[in-house]
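Open the model in your viewer and keep the selection panel at hand. The stops below go from the surface to a sheet and then to a helix.

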Amino acid sequence: MIDIKFLRDNPDVVRASQKGRGEDVTLVGQVIEIDEKRRVAINEFELLRAEQNTLSKSVGAAKGDEKTKLLESAKDLATRVKNADVKRAELEAQTQNIALQLSNVLDPKAPIGKEEDFVVLEHVGTPREFQNFEPKDHVELGKLLGAIDTERGAKVSGSRSYYLTGVGALLEFALVNYAISSAVKAGFTPVIPPVLVNPPAMEGTGFLGQAAENVYHLEKDGMYLVGTSEVPLAAYHMDEVLPADKLPLRYAGYSTCFRREAGTYGKDTRGIIRVHQFDKVEMFSFCHPDQAIEEHQRLLQWEKDFLNAMEIPYRVIDVASGDLGSSANRKFDIEAWIPTQKAYREVTSTSNCTEFQARRLNIRFKDADGIKAVATLNGTLVAIPRMIVAILENHQNSDGSVNVPKALQPFLGTQRFELV
RNA sequence: GGUGGCGUGUCUGAGCGGCCAAAAGAGCACGCCUCGAAAGCGUGUGUUGGGGAAACUCAACCGUGGGUUCAAAUCCCACCGCCACCGCCA
C-alpha cells in the first residue's frame, strides 16, 4: 500500500506512475477527496468523544438528582458519539479501499510501456550453434533420459502436470542443494516455509489483487496455496518491528509453488515451462529503504551467479512499467536461451517492492529516527522446471545425452546424463 | 474432534466497571559514581491517528470482531491463537 501522506504531498508523481503502468489515474483524485472527508470525520468524532469522556467522569462523581440529570444528557451524547464513530469508520474503510487499489510508485528508471517495451540490459554467454544435429526439446530429452513424464502427469493430474523421475528428480535435488548452499554462503538464512497460508498473509503480500485468479483458494478452510514462497517469507515478520542493526535480513525459502495459470490457455502447453506446481528457491530481503536499490542489484547478481554456474547463455531485462506487479517499483528478469524455441525465456525475476508490501504487512524497523516501514525485495534463485528445461536443452549432445554443469557434478556424482 | 486453562507494553507480570497508557520487576537509553567497568543511585523509556511550524494537545489501542453501559483491560457473545489432558493419526 502506498503512503497516503506521500500521495497528499506528491499527487502528480503518483498520477504519472499510474499512467506509466496503464492503470487508473483518477484513483489519485479519489483518494485525496475521500481522505479529506475522512479527516473531517475523525475530527468530529474525536471532539465528541472528548466531551463524552469529561461528562462520563462527572457522572461517576455526581449523586442524586444531579446524577439523574447528567445521565440524561450523557445518554444523548452517547448516541451522537456512536453515529460519529460509524461515519468515521466508514470513511476510513473507504479511504483504505481506494488507496489499496493504487500500485507502488514506479522507479523513475523503470522503462515505460507495455510488456514488449522492456529494455535489454545485457547479454551473457553466446547461444550455442548446433552444427551437426537438430537440438531436441526438453520434452523429448526428458523422455529419453527418463527424467520427465508429462503423459502420466496429465493422466493423474491433468494438463500442465508432470512427474520428475530418475535423473530428473536427482537434478532437482542437486539444483536445490547447490542453490541453498550458495545462499547460505552468501549469508541467507535457509527456510522451509508453510505453503498453505491464511488471508492476511496472502492479502498482505498483494497477491489477491490483479493476481487473484492465479491463486488456489481452499474455500472450506479459508486458506490459500502460495504461488511463491515470497508470500510466507514476507509474512514471516508481519506485525513486527525489526531492529535496524539486524538489517538486511535475508532468507532463502525453498517451497513448492502452486499456480492456477488461468488465462494462459494455449501458452506453453508443451512441456514443463508453465505448470501448476513446481519447486523454487526464492531469495527474500528485508532492508533499510535507503539500501533497497543496492540490495536489488545484489539479488540480481546472485541470480546471475547461478545462471553462470549452470553455464547457460542469458540476457537481463529491465521489465517495462506495464508488466510490473502492483507491489514492484522495478523488476529485472533473467531470460535463459532456449535453443529449440530460438528465444530467451524468463527463468528468474527480482522485484524491488520498496516499502509498499511492508506497509500492508505492518513490518517496520526501529532506529534512532524512530519507527518506519522496511523495504522488501524478492528474487528467484532457481525455479526448478524452467532451469531443468534450460539445462537439458543447452547441454544436450547429439544422441540425447546431457552434460552436467560442473557446479552440479559434486551433487550428482556424474558428468553426464545418459539415455535409459 | 472433546474437555479445561490462558491471551495486558521489549520481556516477566499485577489489574476492584469510573481515580488505568495501565502497578511492580527486568531490559534498554542517558546521567552520577569509577582510571575503566560491574554493582549501586537518579532520570527517562509504547504504537497509531487528528490538529499544530513547534512546544504541545486531543483521540484510539490490553489477541480479533461484535454487544451491554453515561463509562469496558475489567461484564456478555463469536472467532482466532497458545498451553495441558483425552481421542485419532504419518
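A residue counts as exposed when its relative accessible area is over 50%, as buried when that area is under 20%, and as partly exposed in between. Keep in mind throughout that this is a predicted model.

Start with glutamate 115. Glutamate 115 sits in the loop that runs between α4 (64–100) and β1 (119–124). Its relative accessibility is 53%, so glutamate 115 counts as exposed. Now add Glu116, Asp117, Asp323 and Glu346 to the selection: together with Glu115 they form a negative surface patch.

Next, select the strands β5, β7 and β6, which form an open sheet in that order with antiparallel pairing. Its edges are β5 (196–197) and β6 (216–218), each of which pairs on one side only. Zoom in on β6 and on β7 (residues 223–225): the two run antiparallel and are joined by three bridges. To see residues facing each other across strands, show tyrosine 216, which stands opposite leucine 225 in β7.

The last stop is helix α7 (residues 167–185), where asparagine 177 is found. Is asparagine 177 buried or partly exposed? Its relative accessible area is 41%, which lies between the two cut-offs, so asparagine 177 is partly exposed. Finally, select leucine 392 as well and draw a distance between the two C-alpha atoms. The C-alpha atoms of asparagine 177 and leucine 392 are separated by 18 Å, and the two residues are 215 residues apart along the chain.

How values were computed:
Residues numbered from 1 in each chain as written. Chains lettered and ligands numbered in written order. Predicted model: local features only at pLDDT ≥ 70, side-chain atom pairs only at ≥ 80, totals over all residues. Heavy atoms only, no water. Patch = residues over 30% accessible without salt bridge, like charges linked within 9 Å, V, L, I, M, F, W, Y side chains within 5 Å. Areas by Shrake-Rupley, 256 points an atom, 1.4 Å probe, with all protein chains shown as cover. Salt bridge = Lys/Arg side-chain N within 4 Å of Asp/Glu carboxyl O. Lys, Arg positive; Asp, Glu negative; His and termini not counted. Charge placed at Lys NZ, Arg CZ, Asp CG, Glu CD. Helix = DSSP H or I, 4+ residues; strand = E, 2+ residues; numbered from the N terminus. Buried < 20%, exposed > 50% of the residue type's maximum accessible area, 1.4 Å probe, protein only. Pairing = 2+ DSSP bridges.
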